[in-house]
Amino acid sequence: MSDDGDDIILSELDDAELVEQMMDDLYDGLKEEIEEGVNILLGRGWAPYRILTEALVGGMTIVGKDFRDGILFVPEVLLAAGAMKAGMSILKPLLAETGAPTIGRMVIGTVKGDIHDIGQNLVTMMMEGAGFEVKNIGINNPVESYIEAIHEFDADILGMSALLTTTMPYMKVVIDTMKEQGIRDDFIVLVGGAPLNEEFGRAIGADAYCRDAAVAVETAKEFIARKHNQASA
Ligand code: B12
């Protein structure tokens with residue numbers, strides 16, 4: 001975004017300037033600068049979740065807009081995604097450090113044909129931080145992978161992610177297959193990804209659509225609590 005990055009000393013910027021600079025650096029795919037920025041903010045007492053949402057997700061939102069408008073192309077977006085992942089990997093252990101007891105088990109993965117994984121990695125981190133055990137099965141998952149994973153991992157929750165309008169209908173294929181196998185009601189099914197909405201979630205038979213990782217955590221907790229109440233009733 002800016003071309004005057006060479007002389008900037010990140011540690012000399014105040015918080016607001018630093019966050020703005022990190023958004024620029026994310027846009028430019030500067031992995032090391034992002035790592036440095038994350039560490040500086042941590043050193044200044046910022047909560048990991050605040051760094052994640054304000055600096056990293058905020059920066060990725062700008063990248064998303066320019067990608068949509070044809071200003072950025074796949075190679076640049078890949079670099080930005082790499083920088084985002086580097087920042088996320090510093091925050092991951094800190095978000096998972098809450099020491100909360102396990103409250104549920106989740107399998108999460110991006111659907112067949114779709115290779116976007118930043119959002120689901122973020123959901124994984126936040127869920128782990130909230131005390132869930134999560135098996136992240138990565139990208140491009142056919143129905144068989146989901147079904148194998150939920151059984152093997154003895155999951156309470158199945159989470160599916162899709163970022164493309166062309167791949168989101170595949171979520172219904174997975175849910176329909178679960179129905180055919182008579183196992184649909186054994187699992188809480190949560191879906192997410194930028195092109196989805198609540199109506200879509202309902203239409204395909206998911207339990208809930210979650211617009212972001214924080215909502216995913218709240219929704220998962222609610223459904224787990226309901227499941228336990230039903231079991232003890
Ligand atoms: C980064 C990116 C890429 C990277 C992906 C790198 C990676 N490792 O993920 C690369 C460059 C590889 C890429 C490729 C493509 N991309 Co792309 N990409 C994006 C971009 C810019 C950002 C996505 C992102 O990471 N956002 C940040 C995260 C944190 O947000 P999120 O994913 O929405 O996740 C949050 C919530 O949605 C929710 N959530 C997500 N998943 C789940 C799951 C569950 C269970 C729950 C509960 C919640 C949840 O919680 C998350 C955290 O808060 C978006 C633009 C956008 N606005 O979304 C385009 C975008 C998704 N891509 C798009 C396109 C078109 C493509 C390509 C087809 C481009 C091409 N011509 O090749 C390919 C497709 C490849 C494929 N087969 O999947 C379009 C989709 C348009 C459409 N209507 O379908 C978008 C919208 C850009 C645009 N406006 O044109 N892309």
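Angles between elements here run from 0 to 180 degrees between N-to-C directions, with axes fitted to C-alpha atoms. Welcome to a short tour of a predicted model.

**View 1. Helix 7 lies across strand 3 and strand 4.** Helix 7 covers residues 170-180, and it runs at about 155° to strand 3. Together, strand 3, helix 7 and strand 4 build a right-handed β-α-β unit. Five bridges join strand 3 to strand 4 in the parallel sense; in this pairing, I157 sits opposite I188 of strand 4.

**View 2. The open sheet has five strands.** Follow the order 2-1-3-4-5 and you will find parallel pairing. Strand 2 (132-136) and strand 5 (208-209) stand at the edges with a single partner strand each, so one side of each lacks a neighbour in the sheet. Helix 5 (residues 118-129) packs on this sheet, where it touches strand 1, strand 2 and strand 3. Its direction makes about 155° with that of strand 2.

**View 3. Strand 1 meets strand 3 in a parallel pairing.** Residues 104-110 of strand 1 and residues 157-161 of strand 3 are linked over five bridges. Look for G109, whose bridge partner in strand 3 is M160.

**View 4. Strand 4 is covered on both faces.** Side chains in a regular strand alternate between the two faces of the sheet. On one side of strand 4 are I188, L190 and G192, on the other V189 and V191, and all are buried.

**View 5. Strand 4 also pairs with strand 5.** This parallel pairing has two bridges, and L190 stands opposite A208 of strand 5. With helix 8 (residues 198-204) between them in the unit, strand 4 and strand 5 make a right-handed β-α-β unit.

Key: Residues are numbered from 1 along each chain as its sequence is written. This is a predicted model: local features need pLDDT of at least 70, side-chain atom pairs count only at pLDDT 80 or more; totals for chains, interfaces and linings use all residues. Side-chain values use heavy atoms; hydrogens and water are left out. Two strands pair if DSSP finds at least two bridges between them. Helices (H or I, at least four residues) and strands (E, at least two) are DSSP runs, numbered from the N terminus. Contact means heavy atoms within 4.5 Å. Buried means under 20% relative accessible area, exposed over 50%, partly exposed in between (1.4 Å probe, protein chains only). A crossover is right-handed if, with the strands pointing away from the viewer, the path from the first strand over the helix to the second runs clockwise.
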